Amino acid sequence: MKLSIILICFGLLSSIEIVAQTTSTNDSIHSLGLDYFHGRNGKFMNRDKGVALVLEAANLGNTKALCNAGILYTEGIYVQRNDSLASSYFVKAATLGDPDAMDKCGLRFAEGIGVKQNNIEAYNYFLNAANLGHPNGAFNLAVCYQNGEGTEQNFEEAIKWYRFAAEHDHAKAQYQLARLYYLGELGVRKDFDQSCYWAKISGKNGNMDALNLYGVLIKDTNPSDAFEAFKKCYEGKDYFGRRNYADALRDGMGCKKDLALSSHIYMEGCEDEDLYCMYHLGVILLENDVTINLADAQLKGKSLRKFAENLLRHAAECGFEDAQVYCKNHKIKYKHSTKQRH
């Protein structure tokens, strides 16, 4: 009897050792594949060989390799893009407990990428990822609760998971909390300090929407910091950052007033058909003695006043209300439109 138990135990130990050795081998193949792919650890870069090794490790069941294989087929990196195959790799990795793969599966089921769209499946994957501490999974789970996608709408759960993701340095979740405290939505009471706190952190983490919001929140109490926030957003090619930066330069908010530079920034917006920028540039040119050398091609054959009026007229005809009011007050004729654009 004792001998049988010993033999059984020996057999179990042998199986465990085989699994451990196999896992170790798979890890080695995956690591070697990454070394070749990136050209590191003494390996010359060989993308084809790197991808082949990663796929070999994935087909042997290595969790991280499965996830990377899914990424390769999602992006079409040295393989032909195949959303269905990518999804199958992510599902296998998720089944083995990889939270990143769970989050990716959730996104694919939510959007129907390589799988049949299914909000309940998406919710369950996000829930599993979040419960394993995955910040992006927590953020996506919060979205499910907020919108009632794949589960019943539950604002308390949404806030709970937004906060979890935010506390784990998720920039989008931090911005979402900042917005909620700013607007007082989803049952959250308006709280200036909390909105400012989360907007500032999210902005530092690279979220331009949050940085813009932070600038708006502090522009009356700390105009110089607000100006720097708007300037950084503008430098980051942010749409609203451009508007706010131009406004600050026009008004001298937290900086020396500079109508010429402000006009230059507004002109950039005009080139992108931004009606807000058209309106404000038109007003500046009509009401101030500003020299601009940034629209020579557009000004050729036209007076500066005519150019400004055309900007205002176009904004008004596209339904921009401030431009319509200005045109009426200054007798600038325009074709009336029921459309409203901002």
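**Entry 1: H6 and H7**

I looked up the handedness of the crossing of H6 and H7 in this predicted model, and the crossing is left-handed. I then read off the geometry: helix H6 covers residues 119-131 and helix H7 residues 135-147, and the two pack at an angle of about 135 degrees. Their axes lie 8 Å apart. H6 and H7 are therefore oblique to each other, since the class of roughly antiparallel is kept for angles over 145 degrees.

I listed the residues that form the contact. H6 contributes Tyr123, Phe126, Leu127, Ala129 and Ala130. From H7 come Gly137, Ala138, Asn140, Leu141, Cys144 and Tyr145. Sorted by class, the contact of H6 with H7 has 9 nonpolar and 2 polar residues, with no charged residues.

**Entry 2: H12 and H13**

I turned next to helix H12, residues 223-235, and its packing on H13. The angle is about 135 degrees and the axes are 7 Å apart. H12 and H13 are therefore oblique to each other, and H12 passes H13 in a left-handed crossing.

On the H12 side I noted Phe227, Phe230, Lys231, Cys233 and Tyr234. These meet Gly241, Arg242, Asn244, Tyr245, Ala248 and Leu249 in H13. By class, the contact of H12 with H13 divides into 7 nonpolar, 2 polar and 2 charged residues.

**Entry 3: H9 and H11**

I examined a further helix pair, H9 and H11, whose axes come within 9 Å and cross at roughly 35 degrees. This crossing is left-handed. I recorded Tyr175, Ala178, Arg179 and Tyr182 as the contact residues of H9. Those of H11 are Asp209, Ala210, Leu213, Val216 and Leu217. The contact of H9 with H11 has 7 nonpolar and 2 charged residues, and no polar ones.

**Entry 4: the largest pocket**

I asked which residues line the largest pocket. The lining consists of Tyr175, Arg179, Tyr182, Leu183, Asp209, Asn212, Leu213, Val216, Phe240 and Asn244. The elements that give two or more residues to this lining are helix H9 (171-183), helix H11 (208-218) and helix H13 (239-251). I found about 230 Å³ of space in the pocket. By class, its lining has 6 nonpolar, 2 polar and 2 charged residues.

I cross-checked the lining against the helix contacts. Tyr175, Arg179 and Tyr182 of H9 are in the pocket lining and in the contact with H11. Asp209, Leu213 and Val216 of H11 likewise line the pocket and take part in the contact with H9. Asn244 of H13 lines the pocket and is also met by H12.

Technical notes: Residues are numbered from 1 along each chain as its sequence is written. This is a predicted model: local features need pLDDT of at least 70, side-chain atom pairs count only at pLDDT 80 or more; totals for chains, interfaces and linings use all residues. Side-chain values use heavy atoms; hydrogens and water are left out. On a 1 Å grid over the protein atoms alone, a cavity is a set of points where a 1.4 Å probe fits but cannot get out, and a pocket is an open set with protein on both sides within 12 Å along at least five of seven lines; lining residues have an atom within 4 Å of a point. Grid points are joined across faces, edges and corners, and a volume is the space filled by probe spheres set on the points. Helices (H or I, at least four residues) and strands (E, at least two) are DSSP runs, numbered from the N terminus. Ala, Val, Leu, Ile, Met, Phe, Trp, Tyr, Cys and Pro count as nonpolar, Asp, Glu, Lys and Arg as charged, and the others, Gly among them, as polar. Axes are lines fitted to C-alpha atoms, for helices over the stretch in contact, and angles run from 0 to 180 degrees between N-to-C directions. Angles under 35 degrees count as roughly parallel, over 145 as roughly antiparallel, 65 to 115 as roughly perpendicular and the rest as oblique. A crossing is left-handed if the near helix is turned anticlockwise from the far one by less than a right angle, and right-handed if clockwise. Contact means heavy atoms within 4.5 Å.
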